[in-house]
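Trainee: I should like to understand how the labels given to this model are justified. May we go through them one at a time?

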Amino acid sequence: MGDLRVGVIGTGMMGCEHIRNLRALPGAVLAAAADPHPASRRAAADAAGDPVELFDDHRRMIEAVDLDGVVVATPNHTHRAVLEPIWDTGLHVMLEKPLATTIADGLALRDRAAAHPAIVWMGLEYRYMPAIARLLDLVRSGAAGRVRMVSIREHRFPFLVKVGDWNRFNRNIGGTLVEKCCHFFDLMDLAAGERPSRVMASGAQDVNHLDEDHDGEVPDLLDNAFVIVEYPGGTRGLLDLCMFAEGSRWEQEISVVGDRGKVEAHLPNFMELARGRAPEIVVGDRGPDWPVREERVADDPRIGHHGGHHGASYLELAAWRDAIAGGSPPAVTADDGFRALATGIAAHRSIDEGRPVTIAEVLDGVPPVAPVPGS
Ligand SMILES: NC(=O)c1ccc[n+]([C@@H]2O[C@H](COP(=O)([O-])OP(=O)(O)OC[C@H]3O[C@@H](n4cnc5c(N)ncnc54)[C@H](O)[C@@H]3O)[C@@H](O)[C@H]2O)c1
């Protein structure tokens, strides 16, 4: 097989990140890109470096250009419509998270993905951050023992400005706990080794975007929350989200505690990373003298471009390329995206209605999906 010929659909912030990754990735080339917004097409041309065919409509791109796969990096609420013409092709897909913004769209996409003759890979790239991959490996190898508690704190900066301000309204993002936190619900499931059963949450919009005016509308985005996620086997997850916490040394702090010990990952924010602070892993044991071992996570030599996500986007694209070349199934499926979406939607419903919400009621008769890989 020659180089994987990739078309990027949506060339805003994340699409351009994929373009820069593709430039650095052996065995893959950027063949074309599509975006209706002229400034985003110019950004794609800059990111590509070499001349690249640009389209204002991705349907014309997939007709005109010989492609093997597409990366979809358009706003969350457009994913279903943007993918519609792709289902008539044999193109491989890398779909940015979240899968969708509603259960109905998520279910439709999950089913189309399952029937698609090529790979549909869900862009839940936090799994590929070296420190998080190391934490998950340690948990799988039994360092924590039988996992009982998974706690994920994200204390970060507010949502960035996006093209047309699409990310200022829940109707476009699916809610903060879907948009951003699908990554964390996916990681919780992986650490717990199963899918959740019930969610309890409390959250609000207290600080961010309250002084903005978008054609007479003020953004309605939750900016802080605690979310408790329960698993059928008794494991408990906790998400502690704050989006007005720029002054945090660690942007993500993940701890997994079991009956044997505790495994933690600490990931610096991008400013701290630029100042030279490396991610850390801490493994504590309940054995005699309670030994604690610390590791600084070294740079992964496979990463050809680090970008804004610790090299995770690069490693994820490399895994997609390898699965396509090897004919293997996607490691991160639309099912995974669907379940992370369902947890986020349950959390928002719990906040809105002030009560615990079961995943079953959110899914409302949706047939069960595959178990968590590796569980
Ligand atoms: N993996 C991550 O951690 C991560 C980080 C940021 C964004 N994302 C995801 O990437 C996607 C894009 O986000 P972004 O930050 O790049 O937003 P953005 O606003 O910077 O870019 C979105 C681009 O999509 C274009 N677009 C809209 N409709 C289109 C269509 N029908 N066809 C082609 N292009 C279209 C817009 O013109 C814009 O240029 C979202 O789903 C977002 O959730 C993922």
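Mentor: Certainly. The model is a predicted one. Let us begin with the side chain of Glu96, which makes a polar contact with the side chain of His18 at 2.7 Å.

Trainee: What makes that pair of Glu96 and His18 a polar contact?

Mentor: The limit for a pair of N or O atoms is 3.5 Å. The distance between the two side chains is 2.7 Å, so the pair qualifies. His18 is also one of the residues that Glu96 touches, and others include Met14, His79 and Met122.

Trainee: Why is Glu96 said to have no salt bridge?

Mentor: A salt bridge requires a side-chain nitrogen of Lys or Arg within 4 Å of a carboxyl oxygen of Asp or Glu. For Glu96, the nearest side chain of opposite charge is Lys97, 5.8 Å away, and therefore no salt bridge is assigned. Glu96, which lies in strand S5, is nevertheless buried.

Trainee: Why is Cys16 called buried?

Mentor: Buried means under 20% relative accessible area. Cys16 has 6% relative accessibility, so it counts as buried. Cys242 is buried as well, because its relative accessible area is 12%.

Trainee: How do you know that Cys242 has no bond to Cys181?

Mentor: A disulfide needs two cysteine sulfur atoms within 2.5 Å. The closest cysteine sulfur to that of Cys242 is in Cys181, 11 Å away, and is therefore too far for a bond. The structure holds 0 disulfides.

Trainee: What places His79 in polar contact with the ligand?

Mentor: A polar side-chain atom of His79 lies 3.1 Å from an oxygen atom of the ligand, and the limit is 3.5 Å.

How values were computed:
Residues numbered from 1 in each chain as written. Predicted model: local features only at pLDDT ≥ 70, side-chain atom pairs only at ≥ 80, totals over all residues. Heavy atoms only, no water. Helix = DSSP H or I, 4+ residues; strand = E, 2+ residues; numbered from the N terminus. Buried < 20%, exposed > 50% of the residue type's maximum accessible area, 1.4 Å probe, protein only. Lys, Arg positive; Asp, Glu negative; His and termini not counted. Polar contact = N/O pair within 3.5 Å; in protein donor to acceptor, adjacent residues only side chain to side chain. Contact = heavy atoms within 4.5 Å. Lists of a residue's contacts leave out its neighbours within four places in sequence.
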